[in-house]
Amino acid sequence: MTDSSRAPRLLAAMAHPDDAEILIGGILFHLKSLGWELGIMTMTSGDCGSATHTSEEISRIRRAEAKAAADYLGAWYGCAGLMDVEIFANADNLRRVVELMRRFDPDVVITHSPADYMVDHEEASRLARSACFALSMPLYQTRQTAPAPATKLTPALYYADPIEGVDAMGERVLPHFYVDTTGTLENKLEMLSHHKSQRDWLRAHHGIDEYLEQARRWCARYGRESGCNYAEGLRQHLGHGYPREPLLQNMLNSKIKSRTT
Ligand SMILES: [Zn+2]
């Protein structure tokens, strides 16, 4: 259920700068073209994402890159201020995440898969799940400066695919549905290219533009599985207390694909 008096609002709640672009960038551009208000929040500013800069330097650089990427999409950007490899689902961090989410007031949240390749992603997923539940609870206080009010509704919660589509044991995690992102792949890659520090780092390491090429490869794999050129996958959180109506599936109707292989 959404508030019909305003455009629907989707928040990508991810661990690090560039996760939203890599995992669901194509979906975000589809929703943008449908008139949705979009936001991207990252738990950290990517403060460990460099072999040459100090933590403070790379943090500043990556915040600016994340903002530029969000600007390219036409999305709001916020950072919860947690630290790389120290994202944990504890009370202090939850208060920061809920505060940021309340400020955006989403109808739909997409976060990481509960099982993923690194703990930061899994804990970000747990934080986002708890935060969605707490957003509309007026007695849940975030104890932040000038706190935003509780939201009216619990947002629908979706999970992106884990990186490379597998969990930490290498087991395949299948999406509930695929979204054909063939028409938005180039936008996604252009948005991703705003993360220049990460692209240059991988390019220096591999000698090729691996940053963009691996994103293209992963989408091509999902495309092969679902009978289109490029795709991204999602699962919906269907547990008690969360909206169960297939909001995104209905919105993206003509782009929704099932597994064909
Ligand atoms: Zn990440």
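**Exercise 1. Determine which helices line the largest pocket, and describe that pocket.**

*Solution.* Helices α1 (19-33), α4, α6 (196-206) and α7 (210-226) each contribute at least two residues to the lining of the largest pocket. Helices here are DSSP runs of H or I with at least four residues, strands are runs of E with at least two, and both are numbered from the N terminus. The model is predicted: local features require pLDDT of at least 70, side-chain atom pairs count only at pLDDT 80 or more, and totals for chains, interfaces and linings use all residues. Residues are numbered from 1 along each chain as its sequence is written, and side-chain values use heavy atoms, with hydrogens and water left out.

Step 1. Fix the terms. On a 1 Å grid over the protein atoms alone, a pocket is an open set of points with protein on both sides within 12 Å along at least five of seven lines, a cavity is a set where a 1.4 Å probe fits but cannot get out, and lining residues have an atom within 4 Å of a point. Grid points are joined across faces, edges and corners, and a volume is the space filled by probe spheres set on the points.

Step 2. Apply them. The largest pocket holds about 590 Å³ of space. Its lining has 23 residues, with Asp18, Tyr117, Gln198, Trp201 and Leu202 nearest the centre. The most is given by α6, with four residues.

Step 3. Sort the lining by class. Eleven residues are nonpolar, six polar and six charged, where Ala, Val, Leu, Ile, Met, Phe, Trp, Tyr, Cys and Pro count as nonpolar, Asp, Glu, Lys and Arg as charged, and the others, Gly among them, as polar.

**Exercise 2. Characterise the enclosed space.**

*Solution.* Step 1. The structure holds one cavity of 30 Å³ or more. The largest cavity has a volume of about 120 Å³, and among its 15 lining residues Ile22, Leu23, Asp161, Trp218 and Tyr222 are closest to the centre.

Step 2. At least two lining residues come from each of α1, α7 and β7 (231-236); α7 supplies the largest share, four residues. The lining of this cavity comprises nine nonpolar, two polar and four charged residues.

**Exercise 3. Establish the strand order of the sheet and one register.**

*Solution.* Step 1. Two strands pair if DSSP finds at least two bridges between them. The eight strands form an open sheet of mixed pairing, in the order β3-β2-β1-β4-β5-β7-β6-β8. Its edge strands, β3 (76-82) and β8 (256-257), each pair on one side only.

Step 2. Strand β1 (residues 9-14) runs parallel to β4 (residues 108-111), with which it pairs over four bridges. Leucine 11 has valine 109 of β4 as its bridge partner.

**Exercise 4. Explain why cysteine 48 and cysteine 132 form no disulfide, and place cysteine 132 in its helix.**

*Solution.* Step 1. A disulfide is a pair of cysteine sulfur atoms within 2.5 Å; the count is zero. For cysteine 48, the closest cysteine sulfur, in cysteine 79, is 13 Å away, too far for a bond. For cysteine 132, the closest is also in cysteine 79, at 18 Å, again too far.

Step 2. Cysteine 48 is partly exposed at 48% relative accessibility, whereas cysteine 132 is buried at 0%. Buried means under 20% relative accessible area, exposed over 50%, and partly exposed in between (1.4 Å probe, protein chains only).

Step 3. Helix α4 (residues 119-134) has 16 residues and includes further buried positions, among them Leu127, Ala128 and Ala131.

Key. Expected span 1.5 Å × (residues − 1).
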